[in-house]
Amino acid sequence: MFRRTFWFTAGAAAGVWATTKVKRKLRQLTPESLAAQAANKAIDAGHRLKEFALDVRDGMAQREAELGEVLGLNADPDPELPPQRRIAAIGGGEQSGSNKQIKYIDNTTYTYNRNEDH
């Protein structure tokens with residue numbers, strides 16, 4: 001009598017356990033659940049990608065600083081050197097009195113609106 005009761009209870013418990021397990025798995029495989037899981041994974045991937053990009057940016061800045069230090073780009077220029085030619089040329093063009101005016105084309109066939117498809 002007790003053996004039958006024990007096995008009946010064990011079988012009922014196993015049936016309830018298997019039924020709940022199958023229902024959970026079926027709920028996970030619904031289209032809404034799959035879409036939510038995909039969205040969560042995409043968000044996680046985006047966060048990992050952003051962290052990677054920030055790490056790369058930090059590494060680039062650190063390496064740039066190291067290269068600037070090694071090449072002497074961060075040091076003050078030697079006061080004995082003449083001024084840079086480009087700065088002198090830009091400043092000299094205004095002082096020479098040449099009044100070149102930039103001519104713009106009034107009627108162009110090109111448009112600068114990037115939202116033309118709207």
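## Briefing: a three-helix chain and its side-chain contacts

A search of the whole structure turns up 1 salt bridge, and a search for aromatic pairs likewise gives 1. Please keep in mind that this is a predicted model. The protein chain is built with 3 helices and 0 strands, and just 2% of its 118 residues count as buried.

**Fold and surface**
- Following the sequence from start to end, you will meet the pattern α-α-α.
- The protein chain exposes about 12300 Å², and 59% of that area is supplied by carbon and sulfur atoms.

**The salt bridge in helix α2**
- In general, side chains of opposite charge can pair when their charged atoms come close.
- Here the partners are Glu 66 and Arg 63, whose side chains meet at 3.3 Å, N to O.
- Both residues belong to helix α2 (residues 31–71), where they sit 3 residues apart, about one turn of the helix.
- Glu 66 has a relative accessible area of 36%, so this residue counts as partly exposed.
- Arg 63 is also partly exposed, because its relative accessibility is 47%, a value between the cut-offs of 20% for buried and 50% for exposed.

**The aromatic pair**
- A pair of aromatic rings is described by the distance of the centres and the angle of the planes.
- The search of the whole structure finds 1 such pair.
- Phe 6 and Trp 7 have ring centres 5.0 Å apart and planes at 70 degrees, which means that the pair is edge-to-face, as angles over 60 degrees are classed that way.
- Both Phe 6 and Trp 7 are exposed.

Methods:
Residues numbered from 1 in each chain as written. Predicted model: local features only at pLDDT ≥ 70, side-chain atom pairs only at ≥ 80, totals over all residues. Heavy atoms only, no water. Helix = DSSP H or I, 4+ residues; strand = E, 2+ residues; numbered from the N terminus. Buried < 20%, exposed > 50% of the residue type's maximum accessible area, 1.4 Å probe, protein only. Areas by Shrake-Rupley, 256 points an atom, 1.4 Å probe, with all protein chains shown as cover. Salt bridge = Lys/Arg side-chain N within 4 Å of Asp/Glu carboxyl O. Phe/Tyr/Trp six-rings, centres within 6.5 Å; stacked < 30°, edge-to-face > 60°.
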